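These are my notebook entries on a single chain, written down in the order in which I looked things up. I began with one residue of unusual backbone geometry and worked outwards from there.

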Amino acid sequence: MRIDIISVVPELLESPLSHSIMKRARDKGLLEVHVHHLRQWAVNEYGQVDDYQYGGGAGMVMMPEPLANAIETLQKDRTYDEIIYVTPDGPRFDQSTANQLSLKGNLIIICGHYKGIDERIRQHFVTKEISIGDYVLSGGELAAAVIVDAVGRLLPGVLNDETSALMDSFQDNLLAPPVYTRPSDFRGWKVPDILMSGDPLKIADWRYEQAVQRTKDRRPDLHSDQ
Ligand code: ADE
């Protein structure tokens, strides 16, 4: 999978996408991430990419021309399955969207700043809008990093134990069960006996029950009795 990210602060994306599992995915050639500085498509020598909004009001708007030129330059080399704009007024990101995106080949992600991007880019170029939650970030870069991470780890071969992505919270609309490691007795707080029983069927049943209980307690909105 290849993801091209258009940003006015590319530095914000460097670290989150260069360590741990994202580093492994990129080193193995399973995930290519290219971050493009929008200023290379600025409208003048001052690097201008934003302007005052028509109709008045505080806050700048990202101009259509640099964004359109950025997208069309990228499209010269390949076709993209989705052109994503990360914005707090988009549909909320979840595991099912991450799963769907992990099946795509090439994606563009546009990171907004200030008051956002000119509406005409949303209408004529953007194919999918995503919010990562009901709060406003100072720019789209951290949202883009969240999406790349959630999608990248689902690509086949990225995780060592491929089943572990299937056991994640949310994959079955269930939160993950509790986990423990050594020592079995830490300050008198003991690991549940069943996990020490060596009986894989009983352990699987226990984990499932715990996952259901945890989901009922903490996220009743996810839980259904079906
Ligand atoms: N940009 C600013 N806030 C955002 C959010 N919550 N999700 C996606 N992009 C954003």
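**Entry 1: backbone geometry.** I looked up Ser20 and found 11 C-beta neighbours inside 10 Å; residues with 12 or fewer count as exposed, so Ser20 is exposed. I keep in mind throughout that this is a predicted model. Ser20 belongs to helix H2, which covers residues 20-27, and its phi is near 55°, a positive value in a residue other than glycine. I noted this because most residues other than glycine have a negative phi, and most peptide bonds are trans.

I then turned to Tyr114, which also is not a glycine and has a positive phi of about 60°. Tyr114 sits in the loop between E6 and helix H5 (119-124), and with 17 C-beta neighbours inside 10 Å it counts as partly exposed.

For the peptide bonds, I recorded the one from Arg182 to Pro183, which is cis with omega near 5°. Pro183 is placed in the loop between helix H7 (163-166) and strand E8 (185-186).

**Entry 2: the sheet.** I traced an open sheet of 5 strands, whose order reads E2-E1-E6-E5-E7 and whose pairing is parallel. Which strands stand at the edges? They are strand E2 (32-37) and strand E7 (128-130), and because each has a single partner strand, one side of each is left without a neighbour in the sheet. From one strand to the next the twist averages 25°.

Helix H6 (residues 141-152) packs on this sheet and touches strand E1 (2-7), E2, E5, strand E6 (106-111) and E7, while its direction makes about 155° with that of E6.

I followed the pairings one by one. E1 and E2 are joined in the parallel sense over 6 bridges, and Arg2 has Glu32 as its bridge partner in E2. E1 also pairs with E6, again in the parallel sense, over 5 bridges, and here Arg2 stands opposite Asn106. At the other end of the strand order, strand E5 (residues 82-86) pairs with E7 in the parallel sense over 3 bridges, with Ile130 of E7 as the bridge partner of Val86.

Is E1 largely enclosed or largely open? I found 5 of its 6 residues buried, so E1 is largely enclosed by the rest of the structure.

**Entry 3: Leu107 in E6.** I picked Leu107, a residue of strand E6, to see what surrounds it. Leu107 has 22 other C-beta atoms within 10 Å and is therefore buried, the cut-off for that class being 20 or more. Leaving out residues up to four places away in sequence, Leu107 touches Ile3, Tyr80, Asp81, Glu82, Ile84 and Leu101. I also took one distance along the chain: Leu107 and Ile117 are 10 residues apart, and 18 Å separate their C-alpha atoms.

**Entry 4: the ligand shell and Gly140.** Which residues lie around the ligand? I listed Val86, Thr87, Pro88, Gly112, Ser131, Ile132, Gly133, Tyr135, Val136, Leu137, Gly140 and Ala143. By class, this shell divides into 7 nonpolar and 5 polar residues, with no charged ones.

Gly140, one of the shell residues, is found in the loop between E7 and H6. Because Gly140 has 30 C-beta neighbours inside 10 Å, I entered it as buried. Beyond residues up to four places away in sequence, Gly140 touches Val86, Thr87, Cys111 and Gly112, and I noted that Val86, Thr87 and Gly112 are also listed around the ligand. As a distance check, Gly140 and Gln100 lie 40 residues apart in sequence and 21 Å apart in space, C-alpha to C-alpha.

**Entry 5: Val158 and the domains.** My last residue was Val158, in the loop between H6 and H7. It has 21 C-beta neighbours inside 10 Å and so counts as buried. What does Val158 touch, not counting residues up to four places away in sequence? I wrote down Ile21, Arg24, Ala25, Leu30, Gly152 and Arg153. Val158 and Lys28 are 130 residues apart along the chain, yet their C-alpha atoms are separated by 8.0 Å.

To close, I looked up the division of the chain, which gives domain 1 as 2-152 and domain 2 as 167-218. The centres of domain 1 and domain 2, taken over C-alpha atoms, are separated by 38 Å.

Notes. Residues are numbered from 1 along each chain as its sequence is written. This is a predicted model: local features need pLDDT of at least 70, side-chain atom pairs count only at pLDDT 80 or more; totals for chains, interfaces and linings use all residues. A residue is near a molecule or strand if its C-beta atom, placed from the backbone, lies within 6 Å of it. Ala, Val, Leu, Ile, Met, Phe, Trp, Tyr, Cys and Pro count as nonpolar, Asp, Glu, Lys and Arg as charged, and the others, Gly among them, as polar. Domain bounds come from an automatic or database domain assignment. Two strands pair if DSSP finds at least two bridges between them. Helices (H or I, at least four residues) and strands (E, at least two) are DSSP runs, numbered from the N terminus. Axes are lines fitted to C-alpha atoms, for helices over the stretch in contact, and angles run from 0 to 180 degrees between N-to-C directions. Two residues are in contact if their C-beta atoms, placed from the backbone, lie within 7 Å.
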